[in-house]
Structures are given as structure tokens and as C-alpha cells.
Amino acid sequence: MEGLRKLENVQKIIQMMQSHGIISNTQDATSLRFLADLTLLLVSPCRELDIDAKCQLVIDHVPKFSHAFFEETMQCTSEQGVEQMVNTGSLDSDDKAIPAPFQKGFKDTAMVGLDAMRRANSTLEDFCRSYFMFHKMDPHQPQSIFKYLPILSFTESYIYQLDNLNEKLLQPSVGKDRSSYRGYSVETKESWDLTSVRMMTNDPFRPLCNVLEHHGLLTDRIREEMKSGVEYWSLERKLCHPLGSKHEVDDMHMEFLSISEFLVEVSDDLFDYEDDVLENNFNMLRMFNRIYGASAAPAMLAKIITEAEEKYDSLLKALDPELSLNYQKRCEEATKEGGKTSGPSLGTWTIPPVIEDEDLYRYDVLNSKPSTIPEWTT
């Protein structure tokens with residue numbers, strides 16, 4: 001079977017080279033096999049070398065090789081040994097090397113491992129049993145399961161795989177505990193760390209987006225969900241790194257920053273309300289309008305703001321005086337930099353008039369009809 005797989009790969013490479021005009025149909029079979037083997041060698045994982053680096057090495061060094069050099073090489077290495085090295089299809093002899101899907105050369109190819117699929121399994125089961133009913137599908141019918149299983153399993157497994165990478169970035173450094181990496185050599189662990197950083201900081205969902213887009217499944221909402229996932233992992237790393245280095249998080253600081261962030265988000269929503277209506281973006285006042293109605297929405301939102309500000313003021317007073325003063329100054333600076341004249345740092349809130357008929361509002365704006373409704377201030 002292994003021999004058949006190798007021949008299949010060789011044939012695929014030959015066909016690709018022909019379709020790209022790299023080779024012609026007149027070349028003999030031996031030459032084609034050599035070029036195919038060379039191509040497979042170049043795309044095989046080799047630690048931190050990506051395809052561009054490998055190609056540059058070939059361009060820089062092949063002209064320096066000579067017939068005499070190869071003659072000497074053949075004398076130093078047996079023919080059987082050379083053939084075995086070429087046919088392995090890998091430049092990395094370490095059994096515990098970094099898996100191929102995470103090599104830099106494969107950064108645009110979405111691939112998943114068995115461990116990630118196993119971790120995703122229970123989530124997939126819960127998804128089918130909990131969500132299929134919303135699509136009038138029976139999770140107990142095999143045809144319903146297997147119709148969408150490939151893409152669901154692949155997507156969930158890829159997410160778990162990224163989550164696993166993120167968790168590895170939170171592990172203690174090799175220098176502190178070399179025994180905590182379950183058999184990984186120091187060099188391999190350092191390579192894994194570097195690869196994990198690249199994957200998690202350079203648009204980790206891009207390969208998955210490519211797959212979903214190819215199948216017509218990528219939407220703006222999915223993009224936003226993925227963006228939230230990246231932000232979540234980033235926050236997780238920021239919070240866990242201090243814990244790992246014995247720097248505990250101050251619960252009161254976290255509570256204060258949480259309520260402060262909430263007030264900032266409300267302020268942003270009020271400032272951007274009309275634009276959010278035009279673009280159909282999430283906005284808290286829009287949600288309150290939908291839940292409570294246009295007449296009650298401003299009062300209900302004002303009540304939420306008042307409660308949040310009372311909690312904010314209470315926590316602000318509990319902070320260290322110097323920290324409290326510095327934070328208030330920063331809030332005022334940020335408010336002025338953003339061009340806003342409302343928000344918690346200035347003590348004044350302006351709730352814009354609720355737009356009851358959003359479709360009509362969009363039509364009026366698109367047809368350059370200015371709104372004359374006065375603002376409602378609290």
C-alpha cells in the first residue's frame with residue numbers, strides 16, 4: 001500500500017507540472033520521475049524552512065555543484081543509502097518532530113489531526129442533538145448526520161486544534177521544567193513554540209476561512225465569530241501568563257475594568273447608533289428598541305447606565321488613589337481623542353432618538369433627506 005501511495009503522489013505531481021507548463025509530454029519517464037521526486041522533496045516538512053526558503057537555497061547553491069562533487073558524494077555514500085534517503089519523502093528524521101499541518105510551508109492549508117477530532121467529537125454530538133431540531137432535522141437519522149458531518153467535523157476539529165496550540169503557549173518554559181513536555185526534545189519544543197506563536201498571531205483562522213469560502217459557507221457573521229475567538233485566545237494568554245509566573249490577578253481590578261469596559265461599549269453604541277442602523281450592526285439601543293419598544297427603550301437603557309455608573313463609582317473609590325486618578329485622566333484623554341462629548345468620564349450621557357422605522361431611515365439617508373428629530377438627553 002505504501003508503494004502505491006508513493007506512485008500515486010508521483011503521478012499527481014507529474015500531472016501538476018504538465019498543467020503548469022513546467023514539463024512537456026516529450027520528456028522520458030525517468031526524467032519525469034526525477035523531477036517529481038525532487039518536487040516532493042522540496043514540499044516535505046523541514047523544521048522552520050518554508051517553500052520560499054527551500055527554493056532560494058536551491059537557486060543559490062545548485063549552480064555551485066559540479067560533476068566532480070557528485071562523483072565524490074557517490075563514493076562516500078552507498079547507492080542504497082542515497083535511495084533510502086530520497087524515498088523517505090521527509091527531511092526531518094526526528095520521530096517527535098512538529099506535525100506537518102503546523103509547518104510554516106503549510107500555513108494556508110487547513111489540516112486537522114486525530115487528537116483534535118477526538119476532542120471535537122463530544123461537541124459535535126451535542127451540536128447535532130441540540131441544534132438539528134432548529135433546522136427540522138432528526139439527529140437520530142444517519143442521513144441527516146452524514147450529510148453535513150464532514151464539514152462540521154472538520155471545522156470543529158480545526159478549532160480544537162487551534163485551541164490546543166493556544167494551550168501549549170501557556171505551558172511553562174522549557175528552561176524551567178524540561179520534563180513537562182512528554183518526551184519532546186528541547187529543540188523540538190522550541191520549534192513548536194515558534195510555530196504556535198506564528199499560527200496564533202498571524203490570522204489563525206485564515207486556512208479554515210479558505211475552506212469554508214471554497215464551499216460557499218463563509219459569511220460575515222462567521223468571520224465575526226472567528227474574530228471573537230482570536231480575541232478570546234489573546235485574552236486567555238494575557239490572563240494566564242501572569243498566573244503561570246505567580247502574579248495573581250486582582251479580582252477588584254478585573255471587576256472595575258469589566259464595568260468600565262461595559263460603559264465604554266454603551267457609549268460607543270450611542271455615539272454610533274445612526275451608523276449602526278444604516279449598516280445593520282449590533283447596537284444596544286437597537287436591541288432595547290426591539291425588546292421594550294421605542295417609547296420605553298431610552299428609559300430602560302438609562303436605568304442600566306445609572307446602575308452601572310453607581311457600581312463604577314463605588315469601585316473607583318476603592319482603588320488606590322493614584323491609580324484611580326491616573327485611570328480617570330486616561331478615560332478623559334481617550335474620550336477627547338475619540339471626538340466624543342458623552343460618556344462616563346465626562347459625566348454626561350446623550351441618548352439619541354430611537355429610530356422606529358429603520359428601513360425608512362435608511363431610505364431617507366440614502367436619498368439625502370436629513371433627519372430633524374431632536375435628541376433626548378438624560
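Let's start with one side chain: E307 has a relative accessible area of 42%, so it counts as partly exposed. Its partner is K303, and the two side chains meet in a salt bridge with 2.7 Å from N to O. K303 is partly exposed too, at a relative accessible area of 45%. Both residues sit in helix α14 (residues 297–318), where four residues, or about one turn of the helix, separate them. As you follow along, please keep in mind that this is a predicted model.

Now let's step back to the whole protein. It has 16 helices and two strands. Of its 378 residues, 27% are buried. The accessible surface comes to about 25,600 Å², and carbon and sulfur atoms account for 55% of that area. If you take the contacts between residues at least 6 apart in sequence, 68% of them join residues at least 24 apart.

Back to charges. Side chains of opposite charge can pair when their charged atoms come close. The structure holds nine salt bridges, and one of them joins R33 to D37, with the closest N and O atoms 3.2 Å apart. R33 and D37 are four residues apart in helix α2 (residues 29–43), so about one helical turn lies between them. With a relative accessible area of 33%, R33 is partly exposed.

Helix α16 offers another case. Here R362 and E358 form a salt bridge at 3.3 Å, N to O, and they also lie four residues apart, about one turn of the helix. Are these two residues buried or exposed? R362 counts as buried because its relative accessibility is 17%, and E358 counts as buried because its value is 14%. The pair belongs to a network of salt bridges that links R286, E358, D359 and R362.

What else is buried in α16, which spans residues 358–366? Alongside E358 and R362, Y361 is buried. Viewed down the axis of α16, the buried residues fall within an arc of 100°, so they line one face of the helix. Those residues pack against α12 (273–279) and α13 (284–292).

Next, the aromatic rings. A pair of them is described by the distance of the centres and the angle of the planes. The model contains six aromatic pairs. In one of them, F256 and Y327 meet edge-to-face, with 5.0 Å centre to centre and 70° between the planes. F256 is in helix α11 (residues 251–271) and Y327 is in helix α15 (residues 321–337), so this pair ties together parts that lie 71 residues apart in sequence. F256 is buried, at 3% relative accessible area, whereas Y327 is partly exposed at 22%. Ring pairs also bring in Y312, giving a cluster of F256, Y312 and Y327.

W233 is another aromatic residue to look at, placed in helix α10 (residues 220–244). It counts as buried because its relative accessibility is 5%. Beyond its neighbours within four places in sequence, W233 is in contact with I159, L162, D163, N166, M200 and F205. The C-alpha atoms of W233 and E167 are 9.0 Å apart in space, although 66 residues separate the two in sequence.

Finally, let's return to the surface. V58, V62, F65, F69 and F70 make a nonpolar patch of about 430 Å². F70 lies in helix α4 (residues 67–76) and is partly exposed, with a relative accessibility of 44%.

Conventions: Residues numbered from 1 in each chain as written. Predicted model: local features only at pLDDT ≥ 70, side-chain atom pairs only at ≥ 80, totals over all residues. Heavy atoms only, no water. Patch = residues over 30% accessible without salt bridge, like charges linked within 9 Å, V, L, I, M, F, W, Y side chains within 5 Å. Areas by Shrake-Rupley, 256 points an atom, 1.4 Å probe, with all protein chains shown as cover. Salt bridge = Lys/Arg side-chain N within 4 Å of Asp/Glu carboxyl O. Buried < 20%, exposed > 50% of the residue type's maximum accessible area, 1.4 Å probe, protein only. Phe/Tyr/Trp six-rings, centres within 6.5 Å; stacked < 30°, edge-to-face > 60°. Arc of directions from axis to C-beta. Contact = heavy atoms within 4.5 Å.
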